[in-house]
Amino acid sequence: MLTLNFTKFPTLETERLILREHALYDAEALYAMRINETVMKYIDRERPEDLMEIKTFITTFNDGFENGDNLAWVIALKENPGNMIGSIGYWRTDFANHRAEIGYMLHPDYWRKGIISEALKKTINFGFEDMNLHTIKANINVDNDASRQILIKHGFVKEAHFKQDYYFRGQFLDSEIYGLLNPNH
Ligand SMILES: CC(C)(COP(=O)(O)OP(=O)(O)OC[C@H]1O[C@@H](n2cnc3c(N)ncnc32)[C@H](O)[C@@H]1OP(=O)(O)O)[C@@H](O)C(=O)NCCC(=O)NCCS
């Protein structure tokens, strides 16, 4: 059984980015992204009702990182670390099977500059080296080609296509599951 025990939030750095803990002052930026229909086009989740809901969300992240159940990083440029431009993180950690699901989103002003690639490389490495995950999973809407391409670029392989396994807003949607194995195991 995988057990994680972070005593402090694992801030990460890449060449251009800082991946840091959420702060309550990120609530507006996160809210703006979660109600932005360009960002949310293929994220089949209800949009937040209000800023309060996002603040509760942030508090949950911050209270829950220690055991690695909800490890969500704010993506910010090093030159402006207070300005959240995206997020990346592990959730639905399956401790029995050393497996976690990765998710990410970025403000459209920053798309196609290699930012999620840079963040993904670092967090995958962290997942395998520091969290000791055996596999990383990603679940995409079948029409989300940008997400599919980025996963393939980082070595993920398509593992499953579930037909109509997910109910959202009156429709049963298909899901595509991608997976990456820890190369050191
Ligand atoms: C998917 C997303 C995270 C990509 O972020 P990004 O920082 O723009 O991606 P990168 O610049 O690092 O791109 C890396 C690679 O991904 C692929 N890619 C990214 N955007 C793409 C697009 N619109 N169409 C096709 N391929 C795309 C390409 O292979 C790209 O490499 P290239 O630029 O050398 O061709 C971003 O479009 C986004 O936030 N979308 C909305 C949220 C979302 O759908 N999240 C995923 C939920 S599963």
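**Exercise 1. Contacts with the ligand**

Find which polar backbone atom lies 3.3 Å from an oxygen atom of the ligand, and then look at what else surrounds the ligand.

*Solution.* Start with the backbone: in this predicted model, a polar backbone atom of Lys 113 is 3.3 Å from a ligand oxygen. Next, move to Leu 106, where a backbone N or O atom lies 2.8 Å from an oxygen atom of the ligand. Then turn to side chains: an N or O atom in the side chain of Trp 111 is 3.4 Å from a ligand oxygen. Finally, widen the view. The ligand is surrounded by 20 residues, and the closest are Tyr 104, Leu 106, Arg 112, Gly 114 and Lys 153.

**Exercise 2. The nonpolar cores**

Work out which residues have the most contacts inside the largest nonpolar core, and which elements supply it.

*Solution.* Begin with the core itself: it has 36 residues, and Leu 71, Trp 73, Ile 75, Tyr 90, Ile 102 and Phe 156 have the most contacts inside it. Now trace the elements. At least two core residues come from each of β2 (17-20), β3 (71-77), β4 (84-94), β5 (99-106), α3 (115-129), β6 (135-141), α4 (145-153) and β8 (171-181). Of these, α3 gives the most, with 7 residues.

Zoom in on Ile 102 next. Leaving aside residues up to four places away in sequence, Ile 102 touches Ile 88, Gly 89, Tyr 90, Leu 120, Thr 123, Ile 136, Lys 137, Ala 138 and Phe 156. To finish, look for the second core, which is separate, has 10 residues and includes Ala 27, Met 33, Ile 54 and Met 105.

**Exercise 3. Helix α3**

Decide whether α3 is largely enclosed or open, and compare its span with the expected one.

*Solution.* First count burial, taking under 20% relative accessible area as the cut-off. Of the 15 residues of α3, 11 are buried, so the helix is largely enclosed by the rest of the structure. The buried residues are Ile 115, Ile 116, Ser 117, Glu 118, Ala 119, Leu 120, Thr 123, Ile 124, Phe 126, Gly 127 and Phe 128. Then check the length: at 1.5 Å a residue, α3 should span 21 Å, and its end C-alpha atoms are 21 Å apart, which agrees.

**Exercise 4. Positive phi in two loops**

Locate His 98 and Arg 169, and say what their phi values are.

*Solution.* Keep the usual pattern in mind: most residues other than glycine have a negative phi. His 98, however, has a positive phi near 50°, and this residue sits in the loop between β4 and β5. Arg 169, also not a glycine, has a positive phi of about 50° and lies in the loop between β7 (157-168) and β8.

Now follow the surroundings of His 98. Its side chain reaches the backbone oxygen of Asn 132 at 3.2 Å. Beyond four places in sequence, His 98 touches Met 1, Leu 2, Asn 132, Leu 133, His 134 and Thr 135.

**Exercise 5. Ile 152 and the annotated span**

Is Ile 152 buried, partly exposed or exposed?

*Solution.* Find Ile 152 in helix α4. Its relative accessibility is 42%, so Ile 152 counts as partly exposed. Then compare positions along the chain and in space: Ile 152 and Gly 179 are 27 residues apart, with their C-alpha atoms separated by 9.6 Å.

As a last step, consult the record: an unreviewed UniProt entry lists residues 17-174 as "domain: N-acetyltransferase". That span is 29% helix and 34% strand, and its end C-alpha atoms lie 33 Å apart.

Definitions and conventions:
Residues numbered from 1 in each chain as written. Predicted model: local features only at pLDDT ≥ 70, side-chain atom pairs only at ≥ 80, totals over all residues. Heavy atoms only, no water. Core = buried A, V, L, I, M, F, W, Y, C linked by side-chain atoms within 4.5 Å. Buried < 20%, exposed > 50% of the residue type's maximum accessible area, 1.4 Å probe, protein only. Helix = DSSP H or I, 4+ residues; strand = E, 2+ residues; numbered from the N terminus. Contact = heavy atoms within 4.5 Å. Expected span 1.5 Å × (residues − 1). UniProt positions renumbered as here; feature names shortened; annotations may be inferred. Near = heavy atom within 4 Å. Polar contact = N/O pair within 3.5 Å; in protein donor to acceptor, adjacent residues only side chain to side chain.
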